[in-house]
Amino acid sequence: MTYVISQPCVDLKDRACVDECPVDCIYEGKRMLYIHPDECVDCGACEPVCPVEAIFYEDDVPEDWKEFHTANVGFFDDLGSPGGAAKKGVIEKDHPFVAALPPQEHDH
């Protein structure tokens, strides 16, 4: 089981979760952040600090956003397990599902 980042993160990428993650498993794509399912230790530190409530435990992702679980897992299909997001920096891609989303408006 793992945590999943969903719709509210798209085109926002606040990164408060990245600062809280003790295992550096939250990677940055072009339009959103992704939690590596094999590197996540299910500690839950990321969930309460997300200012837009985009992070859910895998079983608790709202029905409308279930595709984000597939996107979080699939984002790493060709990356494998890099063993830490900090050394990767911004990864210049997104999962195709996320890449195809229309631009998201956010109230700042």
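Let's start with a pair of opposite charges: Arg31 and Asp11 form a salt bridge, and their closest N and O atoms are 2.7 Å apart. This pair links distant parts of the chain, with the two positions 20 residues apart in numbering terms: Arg31 sits in the loop between strand E2 (26-28) and E3, while Asp11 sits in the loop between strand E1 (3-5) and helix H1 (16-20). Keep in mind that this is a predicted model.

Why can such pairs form at all? Side chains of opposite charge can pair when their charged atoms come close.

**How covered are the two partners?** Arg31 has a relative accessibility of 14%, so it counts as buried. Asp11 comes out at 31%, which makes it partly exposed.

**The other salt bridges**

How many salt bridges turn up in a search of the whole structure? The answer is four. Besides the pair above, two of them meet at Glu28: Lys13 pairs with Glu28 at 2.9 Å, N to O, and Arg15 pairs with Glu28, the closest N and O atoms being 2.4 Å apart. Together, Lys13, Arg15 and Glu28 are linked in a network of salt bridges.

Here are the three residues of that network:

| Residue | Relative accessible area | Class |
|---|---|---|
| Lys13 | 18% | buried |
| Glu28 | 14% | buried |
| Arg15 | 35% | partly exposed |

Why does Lys13 count as buried? Its relative accessible area is 18%, and the cut-off for buried is under 20%.

Now for where these residues are. Lys13 and Glu28 meet in a salt bridge. Lys13 lies in the loop between E1 and H1 and Glu28 in strand E2, so their pairing ties together parts that are 15 residues apart in sequence. Arg15 and Glu28 form a salt bridge too. That pair also links distant parts of the chain, 13 residues apart, with Arg15 in the loop between E1 and H1.

**A look at His36**

Let's move on to a histidine. Where is His36? You'll find it in the loop between strand E3 (33-35) and helix H2 (46-49). Is His36 buried or exposed? With a relative accessible area of 1%, His36 is buried.

And what does His36 touch? Leaving aside residues up to four places away in sequence, its contacts are Thr2, Cys25, Tyr27, Phe76, Gly80, Ser81 and Pro82. Gly80 has something extra going on: its backbone oxygen lies 2.8 Å from a polar atom of the His36 side chain.

Conventions. Residues numbered from 1 in each chain as written. Predicted model: local features only at pLDDT ≥ 70, side-chain atom pairs only at ≥ 80, totals over all residues. Heavy atoms only, no water. Helix = DSSP H or I, 4+ residues; strand = E, 2+ residues; numbered from the N terminus. Buried < 20%, exposed > 50% of the residue type's maximum accessible area, 1.4 Å probe, protein only. Polar contact = N/O pair within 3.5 Å; in protein donor to acceptor, adjacent residues only side chain to side chain. Contact = heavy atoms within 4.5 Å. Salt bridge = Lys/Arg side-chain N within 4 Å of Asp/Glu carboxyl O.
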